[in-house]
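Colleague: I've just opened this model and want to go through it with you. Put it up and we'll start.

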Amino acid sequence: MRSARPCESRGDRISVSSRWGWGPSAIEKKTFAYMRILIKNGTIVTAVDHYKGDIVVEDEKIALIGTTLEMVADKVIEASGKYVLPGGIDVHTHLDMPFGGTTSADDFESGTIAAAFGGTTTVVDFAIQYRGQTLQHAWETWMKKAERKAVTDYSFHMIITELTDQTELEMDALVREGVTSFKLFMAYRGIFMLDDGSIFKALLRTATNGGTICMHAENGDVIDVLVQRALAEGRTAPKYHALTRPARAEAEATHRAIALAEMADVPVYIVHLSSAEALEMVTEARSRGLPTYAETCPQYLFLSYDNYEEPDFEGAKYVMSPPLRDRAKQDQLWRGLKFNDLQCVSTDHCPFCMKEQKELGRNDFSKIPNGAPGIETRMSLVFDGGVRQGRISLNRFVELTSTSPAKIFGLFPRKGTIAPGSDADIVVFDPNRTMTLSARTLHMKVDYNPYEGRQVTGATDTVLSRGRLVIENGQFVGRPGSGVFVKRGTRS
Ligand code: URP
Ligand code: ZN
Ligand code: ZN
């Protein structure tokens, strides 16, 4: 299944030890010297409050929070003028994922390093059960991909592509192991797509095992007809990816997913919601009191259909599913974020290089690997476009990027907040530092950035992952393999 990543063969693809100039022993010394860390004079921000204070971290946990703590510490981090945030939680990433005849360009090492640079300290990635395989096999495969590589903590959702009686039993077993959510696809027939009967059975199963179904909601059969028609008419450019995946196909599937979940009497979580039309379905369901949840992603807030019109083959950079939508309707997504019809901002980080990967579809948009990078830019983009532009409050920013994902996916209160006893996943964030986003300076292993040249204000300075320094004043000081698998809880 696995194929090489073209980016790895590029001269500028660098390993952790060469890029930051340390061999493993030097990194060990830097990383594990501190038993007690004191973070002083910052503004501590959670989903519900913000106040000036100091934090004492002991080993992996937050031990103490106070107004002025004069403690002896192995390390003092001065955070005056900075926000001290709970580490970001990105519940939608695809690291080391075989897809579209190639493999996503970031593995668990480069992906979690990039995540940490961007202020994200936990990722929930997707393991894939391919047809004919067991869920157990898929889980073990993805655990192997992550161990010894991840620099921050990680967990998994399980993608189910075939549902038998045995699979249902395995769902229960996985929930007991802390893999408590499952992604199902209503699109990509022949690869990932499940029929409505199987989707309904999986939803019913979560009613008894406490798991959560995450739905890729697009009407795959309608899309396939539109794609075949476009190709037959010689319409092969990247923009036809968007033109053959209408917002109504997303809205219809979203409505169907909600209806199936309602009949099964269970919650459902809609992933990568991109359109105002699909959001209307979620809003309507929530107004009826249904436990319907949804995430959107920065690309749907900051990029738009216009990007597909970029000349030559540049539109391929933005080929993802669902596709980018009308800029005029983005305000409705922001409104959804503000008023809690959307509960999370995740990234759907699924990077493919232009060279050798996106290029696979130069003459046929349907062969362009679907996905784009975003794991490193999420927090700064949402802070800049959301908080600084007055669209959401600072607390809501923390809620959308950390607390709410933690609550929905069984990580709270271990993660997702700053409180005594919680994991010391902490980000010192400078609300006034401006940076220019560029593939040249970001750390994702991909040869372009969808936001190239965009200026954002608000950037991560220092990051702790379970009490270990991972980023210090903008430099990587972590160690691959120090991230651990996190067992998640069930719905409460
Ligand atoms: O285009 C996308 N979104 N690629 C990743 C796979 C998925 O559907 O999330
Ligand atoms: Zn999806
Ligand atoms: Zn995805």
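Colleague: K183, buried or exposed?

Modeller: K183 is buried, because its relative accessible area is 2%. Buried means under 20% relative accessible area, exposed over 50% and partly exposed in between, with a 1.4 Å probe and protein chains only.

Colleague: What about H216, buried or exposed?

Modeller: H216 is buried too, at a relative accessible area of 1%. One caveat: this is a predicted model, where local features need pLDDT of at least 70 and side-chain atom pairs pLDDT 80 or more, while totals for chains, interfaces and linings use all residues. Residues are numbered from 1 along each chain as its sequence is written, chains are lettered from A and ligands numbered from 1 in the order written, and side-chain values use heavy atoms, leaving out hydrogens and water.

Colleague: OK. Which are the protein donors of the zinc ion (ligand 2)?

Modeller: K183 through NZ, H216 through ND1 and H272 through NE2, lying 2.1 Å from the zinc ion (ligand 2). K183 sits in strand β11 (residues 181–185) and H216 in strand β12 (residues 212–216), so this pair ties together parts 33 residues apart in sequence. A donor here is an N, O or S atom within 2.8 Å of the metal (3.2 Å for Na, K and Ca), and as water is not among the atoms, sites may look incomplete. Strands are DSSP runs of E with at least two residues, helices runs of H or I with at least four, numbered from the N terminus.

Colleague: How far is it from there to the zinc ion (ligand 3)?

Modeller: The zinc ion (ligand 2) and the zinc ion (ligand 3) are separated by 4.0 Å.

Colleague: And which are the protein donors of the zinc ion (ligand 3)?

Modeller: H92 (NE2), H94 (NE2) and D348 (OD) are the protein donors there, 1.9 to 2.1 Å from the zinc ion (ligand 3).

Colleague: Why is the arrangement around the zinc ion (ligand 3) tetrahedral?

Modeller: Because its four donor atoms subtend angles of 90 to 130 degrees; four donors count as tetrahedral if all angles lie between 85 and 135 degrees. In sequence, the spacing of the donors of the zinc ion (ligand 3) is H-x1-H-x253-D. H94 is in the loop between β6 (88–93) and β7 (98–99) and D348 in the loop between β15 (344–345) and α13 (378–388), so that pair ties together parts 254 residues apart in sequence. H94 and D348 are both buried.

Colleague: Switching to empty space, how many cavities of 30 Å³ or more are there?

Modeller: Four, from a search of the whole structure. The largest cavity has a volume of about 130 Å³. Its lining holds 17 residues, with H94, F99, Y188, S321 and D348 nearest its centre. On a 1 Å grid over the protein atoms alone, a cavity is a set of points where a 1.4 Å probe fits but cannot get out, a pocket is an open set with protein on both sides within 12 Å along at least five of seven lines, and lining residues have an atom within 4 Å of a point. Points join across faces, edges and corners, and a volume is the space filled by probe spheres set on them.

Colleague: What volume does the largest pocket have?

Modeller: About 440 Å³ for the largest pocket. Among its 24 lining residues, Y188, I191, R245, S366 and N370 are closest to its centre. The largest share of that lining, five residues, comes from α7.

Colleague: Last one: how many helices and strands does the protein have?

Modeller: There are 14 helices and 19 strands. Buried residues make up 62% of the 492 in the protein, and its C-alpha atoms fill a box of roughly 70 × 50 × 45 Å along the principal axes.

How values were computed. Tetrahedral: all angles 85-135°; square planar, octahedral: opposite > 155°, others 65-115°.
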